Every structure is written in C-alpha cells, then in structure tokens.
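Let us go through this model by question and answer. The topics are its domains, its ligand shells and one sheet.

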Amino acid sequence: MRLDRPVKTIAIIGGGPSGAIALNTLLEEGEFEEIVLFERRDQLGGIWNLNDSKSDSALNLTAEGVKDYSPNIPVFESNELIREGHDSPHQKFYGTAGYPGMRTNVTEDLMTFSDDTKWPRLIPPEEAGFTNAEAVHAYLLKYFEKVKSKANYKIELQTSVEEVTKAGDKFQLVLKKDLSDGKERWYKQQFDAVIIAPGNFNVPFIPTKYPGILDVNKDVLFHSRFYKNNKQFTNKTVLVVGSRVSGVDMVKLISPVAKELYISHRSTPSTIKSQNLSNVWKKPDISKVEQRDDGKVSVQFKDDTEVVFDYIVFATGYQLSFPFLKKFDPDFTTGNRINNLYLHTFYTPDPLLISIGLYVSSLSYRAFEYQAITAARFLSGKGELPSKEEQQKWYNDRVDQYGDSKDFYFLNFDENLDIFDELINVGGGIEGKRRYFVLTEDQHRSREAARRRLEGLADTI
Ligand SMILES: Cc1cc2nc3c(=O)[nH]c(=O)nc-3n(C[C@H](O)[C@H](O)[C@H](O)COP(=O)(O)OP(=O)(O)OC[C@H]3O[C@@H](n4cnc5c(N)ncnc54)[C@H](O)[C@@H]3O)c2cc1C
Ligand SMILES: NC(=O)c1ccc[n+]([C@@H]2O[C@H](COP(=O)([O-])OP(=O)(O)OC[C@H]3O[C@@H](n4cnc5c(N)ncnc54)[C@H](OP(=O)(O)O)[C@@H]3O)[C@@H](O)[C@H]2O)c1
C-alpha cells in the first residue's frame, strides 16, 4: 500500500528526542509544504528538559488507578478563542519525569542520532560513554538548531494538542497556546498527516490491587515520576515499590537521607544482587496496606512481616495515555499498548497517523531514527506498507505473544533488529534522502556496556 497522493502538511506532537528526529528527517526528505511541531512545555527536549515552569497536579489515585486528564474543549465557532487561562480541573502531567542526578543508561553512540554522534560531555569514567540529563538536553537543543535554515517548518512552544479528529482526508487539531499575559489562545489547524511523539512516560502507574491502598492519605503516596530531591525523606522510613531502573534509582537517591528504606519487588530481576547498604532492606510484594491514626501507614508483605512507613514511593512505571485522541478512537490505547499499530509505528486503520518513540530498546534514539526515516519515505509516497491484513497479522502476533502487558514495548535487541529490517522494507531499501545507518561492531559493544552498567548500578542495593 503506497500513498496515491503524497501528503503536504504534517503535525508533530511533542518536542522531545522523537519529535527532534521526526522534524529533522521530514525536512531532509524535502517533499512537504508545511511541518508544525507542537510542544506543550516552554522548552524543547522532552524528559531531558529538567526545567519545569509548571507544576503537576497532586497525585489522585482512584479505583481505576491514576487518571490522566480528559480534554475539556471550549466551544468556539471561529478559528480562535482567547480566554483567561485557568488550571485544568483535571490531572495533567506536564512536567518532566526526569530528575536531577539522573544518568543515561544507554551510551553516547546509540543515544544520539547518526548525523551527530557526540554529546557535549561525558561523565566519568569517560570511556564508559554515559552522561547526565543536562548534557542530553543540550545535545537535543543543538540538534533542533540543525534545521534552522529551512523555511517550511514551525515550532510552537507552550502549545498543547488537546484534540485530534479527522474530517474527510484532513486531521483537525485543537490547540491551546499559553500566552505570556496568563491568557490562553485556543485555535484549530488542519493537517494531512500527524506524527505522535508525546512520550510514553507521562502518566504514572500505581497498582490498586493492594487492599487498603485507596484509603491511604494521599500525602503518604509518592511516585518516582515526581522525584526532584530527597529532602522530604530525611529521617523517614520509606518503602520503594518496584525494582527496575526507577526503583534502583529511588533506592540510591533516597537511602542516604532516609532512616530506613525497604524495597518491595514482585519479581526479582537478576540486576538486584546484594544488599550492602546498611539501612536498606528487601521485601516481597505487598499484601495489605493500612492507614494509621498517626498519619503513618502500616504495610504487610507477602512474607507476613509488617513495617510502618512514613512514605510509599511507587517506582512501578507508567501507563500510556493519549487524551487528545479520545474522540478520534476511544479504544486507541489499553494503557499498555496502542491498538493496531504496525511495526509499533503505523496505525493500521489510518496510516497517516504515525507513532514515533513508543518502544523502548537498547538501541534508543537509533530506533526513533529508523521510525522517522520510514515515516518520511512513506509520507512522501516513496515507501510502501504491506496490505492491512498483513499489518494486522503482524500486530495480532505480538498481542498473542505479550498480551496486554508492559512488556509489549520493552523490546530485546533481536526483536529490535527484526523491526529495523521490516522498517527498511517499508522504506524501500537502505539508500534514500536519509540513509538507514547500519550498526557497527562498536555499537554492539556499547549495548553490552549499557547492560553491564545497569547491573553495576543494581549491585549497590
Ligand atoms: C526517568 C527516565 C529516564 C530515562 N532514561 C533513559 C536513558 O537513559 N536512555 C534512553 O534511551 N531512554 C531513557 N528514557 C526513556 C525516554 O523516554 C527517552 O530517552 C526519550 O526521552 C523519549 O523521547 P520522546 O520524544 O519519545 O518522549 P519525551 O522525551 O517524553 O518527549 C515528549 C514531549 O512531548 C510533549 N507533549 C506530550 N503531550 C503533548 C501534547 N498533547 N501537546 C504538545 N506536546 C506534548 C512533552 O511535553 C514532551 O516534551 C528514560 C525515561 C525516564 C522516564
Ligand atoms: N536513565 C535512567 O537512569 C533511568 C531512570 C529511571 C527510569 N528510566 C527508564 O524509564 C523507563 C521506566 O522505568 P521504570 O523503572 O520507571 O518502570 P518499569 O520498567 O515499568 O518497572 C516497573 C517496576 O514496577 C513493578 N510493578 C509494575 N506493576 C506492578 C504491580 N502491579 N505490582 C507490583 N509491582 C509492579 C515491576 O515489577 P516486575 O519487575 O515484576 O515487572 C517493575 O519492577 C524505562 O525505560 C527505564 O529505562 C531510566
């Protein structure tokens, strides 16, 4: 399936790394009349931009879990509406999930794009090739600058995409721009195609399966998404739930000031090896939680032990949320996956809606780059998708394998290489305006280094 009429106008939702490579690659393709990138924060860089100007709403846990907001679109007949800005009554997760002290867990050669492979600085030991969030952010800002000389694009900051619908062959976006005088400008704009790159780590996931959890005072509950510093945990007894990357980081960052810290894990990944911090203890999954009158919370674990805590820090990951697509397709996502997405990229019912940056792999930004090249070639009429039936089969096979689990988008190296091959097929071969890069031996070694580093970090628990 090839486009019979190449698209002319494209919206990109999100100004993080995925948005950066999408914009750059579409411009390099050189076939489009107008590309507009919308970023709701006041600076580009996605989660690597640690400077939050807007704070997130308080954590509101309901029986269905943590809820994202539902768009509340004002009625306006003309093309725009200016009104006093008001905080949404709904929960919004505007700020970054990143935190000071965060380090990359992928090396420079895979967490950069193939046409600019150097971060501004590495962190010691430099030969390991890792860096901090500030360096990744600086790299991304510079990467956005690369396209400065091109004419046919715009970047709209502080502009949130609130709704995407389709009428005929045009997508209609409803946009909300925060103005400097505290007002907000609502307006509509139409595009032939839409690339969604809003990130997958916006809305925290907190399991509600634990009896008593919904009755706990909300200020006892915390999610790693909101971590900025460890001050509030000083001399407190803290439980960290979840034992993957955020869990390990929370233990490392909070244990130096906490009185005691416990980490509860559902499964025990091989990365947690020892327990050599004097105030850190391991626990199995929780069986029950009870709010106490003194404001603390009593937690019973599956080994029948009980501990009283000042805080429970959930490092239990994230759920997908695309509130702006609720009207377009109410069943767009299950929270763990997007329904009917071919190669984790093309939305089979309407392949002019394309997702970039959704899946997580050790190939990091290079995976986003493969998706962006394929998108650019398809949208310019050069690429070709297989039939809808074949796309659907590819997707159904993944659903059979992973069900509705978070592992759906956590790809291992071989799975990612298979996707690369299939993306090259859709894109019509390696050569093109922008060439698909081929992984070098060094990059294979980097991947190994990243894996070893993760294990090394977990050793400290
Ligand atoms: C704590 C943490 C650490 C991580 N560390 C690593 C790492 O070391 N290595 C690695 O490879 N990956 C890491 N990741 C994964 C990370 O998601 C990727 O590195 C990368 O940032 C993904 O890029 P993205 O552009 O898809 O999403 P994001 O970086 O999340 O950017 C999405 C952008 O879209 C904007 N946006 C969202 N919704 C809208 C809307 N409706 N309208 C307008 N704009 C919108 C957001 O404001 C944001 O700026 C980490 C993730 C987390 C949470
Ligand atoms: N660069 C960095 O330093 C850095 C820092 C933080 C995060 N990140 C990235 O951010 C992404 C998210 O990582 P994450 O660690 O926040 O989330 P995650 O990888 O989804 O891990 C979630 C953890 O919560 C546990 N969990 C989930 N649901 C549960 C339930 N119902 N009951 C009990 N336990 C449950 C999981 O248990 P199981 O193990 O049993 O599944 C797992 O340990 C990853 O891509 C990661 O690489 C990177």
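Q: Which residue ranges does the domain assignment give for domain 1 and domain 2 of the protein chain?
A: The model is a predicted one. Its domain 2 covers a single range, 206–316. Domain 1 is written as two ranges joined by a plus sign. The assignment thus reads domain 2 (206–316) and domain 1 (9–203 + 319–454).

Q: What distance separates the centres of domain 1 and domain 2?
A: The centres are taken over C-alpha atoms. Between domain 1 and domain 2 they are separated by 31 Å.

Q: How many residues of domain 1 and of domain 2 are in contact, and which class counts does the domain 1 side have?
A: A contact here needs C-beta atoms within 7 Å. By that criterion, 13 residues of domain 1 touch 14 residues of domain 2. On the side of domain 1, the classes are one charged, three polar and nine nonpolar residues.

Q: Which domains supply at least three residues each to the shell around ligand 2?
A: The shell around ligand 2 holds 24 residues, and Pro207, Gly242, Arg244, Ser246 and Gly317 are the closest. By class there are eleven polar, seven nonpolar and six charged residues. At least three residues come from each of two domains: domain 1 (9–203 + 319–454) and domain 2 (206–316).

Q: Which residues are the closest in the shell around ligand 1?
A: Ligand 1 is surrounded by 29 residues. By class, 13 are nonpolar, 13 polar and three charged. The closest are Gly14, Gly16, Gly46, Gly199 and Gly357.

Q: Which element gives the largest share of the shell around ligand 1?
A: Two elements, β7 (159–167) and α1 (17–29), each supply at least two residues of this shell. The largest share is three residues, and it comes from α1.

Q: In what order do the five strands of the open sheet run?
A: The edge strands are β12 (221–223) and β15 (280–283), each pairing on one side only. Neighbouring strands are turned by 25° against each other on average, direction ignored. The pairing is parallel, and the order is β12-β19-β13-β14-β15.

Q: Which residue of β19 is the bridge partner of His223?
A: Strands of a sheet pair through backbone hydrogen bonds, either parallel or antiparallel. Here β12 and β19 (residues 311–314) run parallel, joined by three bridges. In β19, the partner of His223 is Phe314.

Key. Residues are numbered from 1 along each chain as its sequence is written. Chains are lettered from A and ligands numbered from 1 in the order in which they are written. This is a predicted model: local features need pLDDT of at least 70, side-chain atom pairs count only at pLDDT 80 or more; totals for chains, interfaces and linings use all residues. Domain bounds come from an automatic or database domain assignment. Two residues are in contact if their C-beta atoms, placed from the backbone, lie within 7 Å. Ala, Val, Leu, Ile, Met, Phe, Trp, Tyr, Cys and Pro count as nonpolar, Asp, Glu, Lys and Arg as charged, and the others, Gly among them, as polar. A residue is near a molecule or strand if its C-beta atom, placed from the backbone, lies within 6 Å of it. Helices (H or I, at least four residues) and strands (E, at least two) are DSSP runs, numbered from the N terminus. Two strands pair if DSSP finds at least two bridges between them. Axes are lines fitted to C-alpha atoms, for helices over the stretch in contact, and angles run from 0 to 180 degrees between N-to-C directions.
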